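Welcome to this short tour! Keep your viewer open and follow along, one selection at a time.

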Amino acid sequence: MIPIERIRAAAERAAPHVLRTPVLPLGEGVHLKLECLQPTGSFKVRGFFARALQLTDEERARGLLTVSAGNAAAACSYVAHHLGLRCRVVMYEEAPEAKKENVRRWGATPIFLSHDGVHAWLHDRGWESEPETFIHPFADPEVMAGHGGLGLELLEQVPGMERVVIPVGGGGLAGGVASALKSARSGVRVVGVQSSGYSSMTASLAAGRPVEVEARTIADGTTAPVDPGNLALLGEVVDEWITVPEERLKPSIGELAVRAKVVGEGAGVLAYAALAQLEPGPDTVAIVSGGNLAPSLLAESLA
């Protein structure tokens, strides 16, 4: 697990720059943690501030670089803008326009590659030949520790919490939050959620090694490759896994908007959608990890 002292230090660095997001009660012992309300629309700013504020002056002077399906790209761009740094981001060319616009809004330069090209760039450690300081979007321990600040908030906001449901892509959010919860209150049950359209982590856990699966999901924020270190960490701190049928995601976007007045993207509604597959009873928090989706998809979901 990530040490709780490291999580507390990372969360303290990031705290002046991120939102302590609210928890919304849905009734019957269910709450939503609204990370979709962060400045860039997702939890990613927590970890990127935690890491960037730890860099040396020389590392900052080189500018920042990351790779992303979209939300980490926006977070890196936002952090760089607020710290007065240059920034470039490698991202999927098929990323939603809303996520591309988030990058441009904060003055960063996007570099578009195919889905396979992004994974190959990561596998081949393409950042090593680039001039900027690279921040890994989901496997950097300090980024994960920054995300763990969300878990510390939950311990205060929902004192009776018995279960937390977390969407899983590369595993940075789940690794950080679960480490915080398990260190402070080991009895909290952690549930990891993926879509049947991209169940990379569950497939890798079953195989005992990282495996590639084809992405056929609107939860584009979860379509990261599996890092061996994160695979081992999640195998340690996640108690239960749920695979949500892909066809449930689009209706869940509309249901969440109507029921809770909350806009979540495909990855952002995974935990909410998984609630229907869980036994009711324990005081439960579902994390709405992001809300950056195309207006057309929201309209289709509401229809």
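**Stop one: the enclosed space**

This model, which is predicted, contains 1 cavity of 30 Å³ or more. The space inside that largest cavity comes to about 350 Å³.

To find the cavity, select Lys-44, Gly-169, Gly-170, Gly-221 and Thr-222. Of the 29 residues that line the largest cavity, these lie nearest its centre.

Next, colour the elements that give two or more residues to the lining of the largest cavity. They are strand S3 (64-68), helix H4 (71-83), helix H6 (115-123) and helix H8 (172-184).

What kinds of residues make up the lining of the largest cavity? You will find 15 nonpolar, 12 polar and 2 charged residues there.

**Stop two: a pair of cysteines**

Now select Cys-76 and show its side chain together with that of Cys-87. How many disulfides does the model have? The count is 0. Cys-76 is in no disulfide, although its nearest cysteine sulfur, that of Cys-87, is 3.8 Å away.

Why is there no bond for Cys-87? A disulfide needs two cysteine sulfur atoms within 2.5 Å. The sulfur of Cys-87 has its closest cysteine sulfur in Cys-76, and because that one is 3.8 Å away, it is too far for a bond.

Before you leave, switch on the surface. Are these two cysteines, Cys-76 and Cys-87, buried or exposed? Cys-76 has 0% relative accessibility, so Cys-76 counts as buried. Cys-87 is buried as well, with a relative accessible area of 8%; the cut-off for buried is under 20%.

Key: Residues numbered from 1 in each chain as written. Predicted model: local features only at pLDDT ≥ 70, side-chain atom pairs only at ≥ 80, totals over all residues. Heavy atoms only, no water. Buried < 20%, exposed > 50% of the residue type's maximum accessible area, 1.4 Å probe, protein only. 1 Å grid on protein atoms, 1.4 Å probe; cavity = no way out; pocket = protein on both sides within 12 Å on 5 of 7 lines; lining within 4 Å. Points joined across faces, edges and corners; volume = space filled by probe spheres on them. Helix = DSSP H or I, 4+ residues; strand = E, 2+ residues; numbered from the N terminus. Nonpolar A, V, L, I, M, F, W, Y, C, P; charged D, E, K, R; others polar.
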